[in-house]
Amino acid sequence: MQHPHTPYAARRARVAAQLGEGGIAIVPTAPAQARNRDSEFLYRHDSYFYYLSGFTEPHAWLVLTANGHATLFCQPKDLEREIWDGIRLGPDAAPAALGVDEAYPVAELDTRLPRLLENRRTVWYPFATHHGLAARVEGWLNSVRARARYGALAPEAQRDLCTVLDEMRLIKDAHELDVMRRAARISAGAHVRAMQRSAAMLRAGLDVREYHLDAELLHEFRQHGSQSPAYGSIVAAGANACVLHYRADAAPISDGELVLIDAGCELDGYASDITRTFPANGRFTGPQRALYDLVLASQQAAVDATKPGARFTDPHEATVKVLTQGMLDLGLIDKGQHGTLDDAIAHRAYFAHYMHRTGHWLGMDVHDVGSYVEPGEVGQASERRDPLSGELIQDRPSRILRPGMVLTIEPGLYVRPSEGIPREFWNIGIRIEDDAIVSDRGCELITRDVPVEADAIEALMRG
């Protein structure tokens with residue numbers, strides 16, 4: 001049986017091996033955030049810190065040296081505070097529980113850090129992720145320099161630990177993929193529940209609001225052990241679906257309109273991210289079905305393009321090609337103005353109705369870390385001018401997809417009222433999003449426990 005701290009110890013060893021001789025890394029967790037008087041937001045650890053420690057308490061730091069020695073600073077045991085805030089692990093229990101070598105009370109951080117930094121060559125920490133961290137590192141280094149007369153040497157270089165951790169986090173290990181599959185199943189069940197509830201409430205003649213469906217999502221997340229939503233859930237009825245980052249609110253959900261739900265849970269530190277668009281009453285109208293089937297066809301083109309050896313941009317380009325042709329066919333793009341499919345794509349004529357990318361990395365963060373440029377090809381840049389904004393853009397070779405990467409595939413169409421656009425499509429917003437693990441054979445869609453075909457959605461909502 002695998003010890004619970006094994007994956008974290010293995011990650012620390014990989015990081016240590018990249019610090020170089022005399023390297024030392026400092027990783028803080030996230031601070032607690034005040035919500036209002038005497039109340040804090042639900043605490044969420046820092047992703048980098050959790051990735052290396054598996055530790056979820058606030059007020060903690062991890063220090064790692066190039067020889068693999070790991071030191072944790074954390075809150076001490078305190079009976080009075082534990083009555084109010086919950087049981088703490090404490091420094092005495094941390095080595096056995098987390099697999100670190102040493103642990104000390106966090107109050108000793110400023111005393112012990114300068115000594116840990118003495119005679120090191122390079123100090124690593126995540127740049128631009130924690131307010132005030134760089135200044136705090138400078139303070140510790142000044143303390144080291146103050147001991148120069150005693151032979152203490154301060155690190156000569158500072159390096160961004162994100163460059164190491166982002167590359168590691170981009171390729172998920174078996175433990176991470178297992179958690180993400182479980183998170184995806186929970187989120188899929190939540191979408192199913194919301195779809196069925198919408199149709200059932202309308203059939204019963206009840207007043208249906210966006211927050212009713214949001215409540216169904218939250219119930220299903222917590223019912224199955226998710227700690228929280230991975231992001232603010234989008235429940236958008238009718239025209240609200242044309243607002244990309246709309247939040248679940250109090251708008252009524254009416255018979256005959258579409259509902260777009262973009263929601264996913266977080267489970268054990270890992271996000272899921274699903275979008276489904278469905279008829280509130282369970283039956284698509286003709287115009288709704290025409291646009292929905294177009295988005296679904298574009299998603300399938302992107303799925304087919306998601307495979308090892310492909311570029312990250314390939315799914316987006318496949319989506320754009322299908323969507324643009326469909327928009328030309330349905331009258332959302334003026335053929336007389338833009339001509340051929342290639343011309344419409346070159347002019348970005350689709351942008352009025354499809355203005356976002358087809359996917360992003362997914363992992364501990366819903367928009368997860370990892371470069372979208374292939375590291376060995378960064379210098380191969382070319383310039384082009386955007387046909388819409390006129391902005392000069394540096395194009396670099398897109399990331400090559402490899403097994404273990406996880407990304408979303410989420411095309412959409414958003415049709416606001418506009419002259420020249422067929423009225424039957426006005427105020428329709430559609431997005432279909434699934435989470436995909438790049439596998440040896442192509443990609444594994446881990447969110448298809450909620451249906452995606454229009455006929456299957458209608459069948460589900462009749463139940």
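## A buried charge

Which side chain of opposite charge is nearest to the buried Glu176, and how far away is it? In this predicted model, the answer is Arg11, at 4.0 Å. Even so, Glu176 has no salt bridge.

To find Glu176 in the structure above, look along helix H8, which covers residues 174-203. The side chain of Glu176 does have a polar contact, 2.8 Å long, with the side chain of Tyr270. If you set aside the neighbours within four places in sequence, Glu176 touches Arg11, Tyr51, Ile171 and Tyr270.

## A three-stranded sheet

Now let's turn to a sheet. Three strands make up an open sheet, and their order is E10-E11-E14, with antiparallel pairing. Why do E10 and E14 each have a side without a neighbour in the sheet? Strand E10 (234-237) and strand E14 (274-279) stand at the edges, and each has a single partner strand, so one side of each is left free of a neighbour there. On average, neighbouring strands of this sheet are turned by 10° against each other, ignoring direction.

As a reminder, strands of a sheet pair through backbone hydrogen bonds, either parallel or antiparallel. Here, strand E11, residues 258-263, pairs with E14 in the antiparallel sense over six bridges. You can follow one of them from Leu258 to its bridge partner in E14, Pro279.

## A helix on the sheet

Helix H9, made of residues 210-223, packs on this sheet and touches E10, E11 and E14. Compare the directions of H9 and E10, and you will find an angle of about 150° between them.

Definitions and conventions. Residues are numbered from 1 along each chain as its sequence is written. This is a predicted model: local features need pLDDT of at least 70, side-chain atom pairs count only at pLDDT 80 or more; totals for chains, interfaces and linings use all residues. Side-chain values use heavy atoms; hydrogens and water are left out. Two strands pair if DSSP finds at least two bridges between them. Helices (H or I, at least four residues) and strands (E, at least two) are DSSP runs, numbered from the N terminus. Axes are lines fitted to C-alpha atoms, for helices over the stretch in contact, and angles run from 0 to 180 degrees between N-to-C directions. Contact means heavy atoms within 4.5 Å. Buried means under 20% relative accessible area, exposed over 50%, partly exposed in between (1.4 Å probe, protein chains only). Lys and Arg count as positive and Asp and Glu as negative; His and the chain ends are not counted. A polar contact is a pair of N or O atoms within 3.5 Å; within protein, one must be able to donate a hydrogen and the other to accept it, and residues adjacent in sequence count only if both atoms are side-chain atoms.
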